[in-house]
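Here are some comments on the model, set out as numbered points. They go from the chain as a whole to single residues.

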Amino acid sequence: MDTHHVAALVFALMALPSFVFARWLAGGRLPLAGDSGMTVRDKALLDSRLARLMRMIGLAMLATALGVGLWGDDERRLAMVVVVMVLAVNGLAAACIWVVASARRQARGGRG
């Protein structure tokens with residue numbers, strides 16, 4: 001087994017927590033502070049949006065694992081896979097922050 005295959009396996013394993021967290025969110029188990037001001041409907045919408053984003057992060061990590069496994073011996077392709085993964089995962093993480101901030105703004109009575 002080549003080292004890039006081991007790296008691909010590590011990337012695939014690193015994707016698992018995002019799927020577990022997405023399942024946890026889809027089950028409606030997002031902990032909120034008592035004074036969050038969110039209704040049950042707002043909380044369910046936030047859970048759904050975050051679960052979708054977490055599944056997308058997991059898929060980006062699995063796609064990275066596939067790319068590393070297939071093209072790990074080609075440095076140029078490997079660099080492109082890593083750059084795309086970093087951009088995708090960080091963009092999705094920023095989207096998670098945006099969704100939570102928007103939900104907090106709406107719960108406080110602002111426009112979001």
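1. The accessible surface of the protein amounts to about 7500 Å², and carbon and sulfur atoms account for 66% of that area. Please keep in mind while reading that this is a predicted model, and that every value below was computed from it. Of the 112 residues in the protein, 30% are buried.

2. As to the overall dimensions, the radius of gyration of the protein is 17 Å, whereas a compact globule of 112 residues would have one near 13 Å. The C-alpha trace spans about 55 × 25 × 15 Å along its principal axes, and these three spans are worth having at hand when the distances in the later points are read.

3. The secondary structure consists of three helices and zero strands, which gives the pattern α-α-α when the protein is read along its sequence. Among contacts between residues at least 6 apart in sequence, 69% join residues that are at least 24 apart.

4. The charges deserve a separate comment. The protein carries 13 positive and 7 negative charges, and the mean position of the positive charges lies 16 Å from the mean position of the negative ones.

5. Which helix supplies the largest share of the largest nonpolar core? This core has 24 residues, of which Leu 46 and Leu 50 touch the most other members. Helix H1 (3-26), H2 and helix H3 (75-107) each contribute at least two residues to the core, but the largest share, 10 residues, comes from H2. As a general point, nonpolar side chains tend to be buried together in soluble globular proteins.

6. The surroundings of Leu 50 can be given residue by residue. With its neighbours within four places in sequence left aside, Leu 50 is in contact with Leu 25, Leu 30, Cys 96, Val 99 and Val 100.

7. Is Asp 47 buried or exposed? This residue lies in helix H2, and because its relative accessible area is 4%, under the 20% cut-off, Asp 47 counts as buried. When residues up to four places away in sequence are not counted, Asp 47 touches Leu 25, Gly 28, Arg 29 and Leu 30. Leu 25 and Leu 30 are also among the contacts listed for Leu 50.

8. Leu 66 is likewise found in helix H2, which covers residues 40-71, but Leu 66 has a relative accessible area of 55% and is therefore exposed, the cut-off being over 50%. The C-alpha atom of Leu 66 is separated by 43 Å from that of Arg 108, although the two residues are 42 residues apart along the chain.

9. Two partly exposed residues may be read together with their partners in space. Arg 104, in helix H3, has a relative accessibility of 47% and so counts as partly exposed; the C-alpha atoms of Arg 104 and Met 38 are separated by 7.9 Å, with their positions 66 residues apart along the chain counted as the separation. His 5, in helix H1, is partly exposed at a relative accessible area of 33%, and its C-alpha atom is separated by 8.3 Å from that of Leu 70, these two being 65 residues apart along the chain.

10. Finally, the start of the chain should be considered. Met 1 has its place in the segment before H1, and Met 1 is exposed because its relative accessible area is 81%, which is over the 50% cut-off. From Met 1 to Gly 91 the distance is 32 Å, C-alpha to C-alpha, for a pair that is 90 residues apart in sequence.

Terms used: Residues are numbered from 1 along each chain as its sequence is written. This is a predicted model: local features need pLDDT of at least 70, side-chain atom pairs count only at pLDDT 80 or more; totals for chains, interfaces and linings use all residues. Side-chain values use heavy atoms; hydrogens and water are left out. Helices (H or I, at least four residues) and strands (E, at least two) are DSSP runs, numbered from the N terminus. The radius of gyration is taken over C-alpha atoms; the globule rule is 2.2 Å times the number of residues to the power 0.38. Buried means under 20% relative accessible area, exposed over 50%, partly exposed in between (1.4 Å probe, protein chains only). Contact means heavy atoms within 4.5 Å. Accessible areas come from the Shrake-Rupley method with a 1.4 Å probe; for residues, only the protein chains shown count as cover. Lys and Arg count as positive and Asp and Glu as negative; His and the chain ends are not counted. The place of a charge is taken as NZ of Lys, CZ of Arg, CG of Asp or CD of Glu. A nonpolar core is a set of buried Ala, Val, Leu, Ile, Met, Phe, Trp, Tyr and Cys residues joined through side-chain atoms within 4.5 Å.
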